[in-house]
Every structure is written in structure tokens, then in C-alpha cells.
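Trainee: Please take me through one helix of this protein in detail, including what lies around it. I would like the terms explained along the way.

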Amino acid sequence: MILTMVVTIGVLYAVGVWLLLQRSLSRIVIGLAVLGHGANLLLLAAGGRAGDPPLAGADPATTADPLPQALALTAIVITFGVSAFLLALAY
């Protein structure tokens, strides 16, 4: 499972960079979106295995770390904003 995730992240980054290097503006926007998806998967893979919900009073050794999920959500919002800005520039 982890090897599949690593290969998927590598492919997304490679395709995103390849699309960013093209001359067409639509391919640049799509490449940036693909890079954003790769970054989200990288953040979620860095979070490790799933654990128990991080509730107050729970055992810290078995709870999941909520920080990678929060960073992935922030990355989604930033990627959406940058994509909307680039589409406005393209228009």
C-alpha cells in the first residue's frame, strides 16, 4: 500500500512538472492542479497510519495526528485559489 502511494505521488509530481513546462496556458493550469493533488497525497502519506480519533482523554499513543489532515485541507484551498486566479488570467 505504501509503495503504491509513493509511486502515485511520484507520477503525479512528474506529470505536473511536465505539464508546467509546456507552452499552453491550459496545460500549465492543469499541471498546477495535478501538482496540488500530489502534494495532498504526500501530506496524507506523511501522516502515517490511521489511528483512533484525537478526542480529549484518549491515549496519545494510539490517536491519529490531525496536523497532516489540516495541512492537506489548507493545500486544497490554496490550490483552488491559485487555479481560479490562473483561470482568470487566462480569460
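Mentor: What follows is a close look at helix α2 and its surroundings.

The model is predicted, so to speak of local features we need pLDDT of at least 70, and side-chain atom pairs count only at pLDDT 80 or more, while totals for chains, interfaces and linings use all residues. Residues are numbered from 1 along each chain as its sequence is written, and side-chain values use heavy atoms, with hydrogens and water left out.

Start with confidence. pLDDT is the predictor's confidence in each residue, from 0 to 100. The protein has a mean pLDDT of 86, and 98% of its residues reach 70 or more. Confidence is highest in α1, at a mean of 93, and lowest in α3, at 88. Where pLDDT is low, the predicted coordinates should not be read in detail.

Now the helix itself. Helices are DSSP runs (H or I, at least four residues), as are strands (E, at least two), and they are numbered from the N terminus. Helix α2 takes in residues 25-46, which is 22 residues. The expected span of a helix is 1.5 Å times one less than its number of residues. For α2 that gives 32 Å, and the end C-alpha atoms are 32 Å apart, so the two agree. After α2 comes G48, with a positive phi near 85°.

Which residues of α2 are buried? Buried means under 20% relative accessible area, exposed means over 50%, and partly exposed is in between (1.4 Å probe, protein chains only). The buried residues of α2 are V29, G31, V34, L35, G36, G38 and N40. An α-helix has 3.6 residues a turn, so residues three or four places apart point the same way.

What covers these residues includes α1 (2-20) and α3 (67-90). Take α3 next. Its 24 residues should span 34 Å, and its end C-alpha atoms are 34 Å apart, which agrees. Buried in α3 are P68, A72, A75, T79, S83 and L86, and their cover includes α2.

Single residues show how α2 and α3 meet. N40, in α2, counts as buried because its relative accessibility is 12%. Contact means heavy atoms within 4.5 Å. Leaving out residues up to four places away in sequence, N40 touches A72, A75 and I76. A72 sits in α3 and is buried at 6% relative accessibility. With the same exclusion of residues up to four places away, A72 touches N40, L43 and L44. A72 and L44 are 28 residues apart along the chain, yet their C-alpha atoms are separated by 6.9 Å.

G36, another residue of α2, is buried with a relative accessible area of 6%. Its C-alpha atom is 8.8 Å from that of I78, 42 residues away in sequence. A84, by contrast, is in α3 and is partly exposed, at 36%. The C-alpha atoms of A84 and V29 are 9.2 Å apart, with their positions 55 residues apart along the chain.

That leaves α1. V11 is found in α1 and is partly exposed, because its relative accessibility is 46%. V11 joins L3, V7 and V15 in a nonpolar surface patch of about 360 Å². Accessible areas come from the Shrake-Rupley method with a 1.4 Å probe, and for residues only the protein chains shown count as cover. Patches are made of residues with over 30% relative accessible area and no salt bridge; like charges are joined within 9 Å, and nonpolar side chains (Val, Leu, Ile, Met, Phe, Trp, Tyr) within 5 Å. A salt bridge is a side-chain nitrogen of Lys or Arg within 4 Å of a carboxyl oxygen of Asp or Glu.
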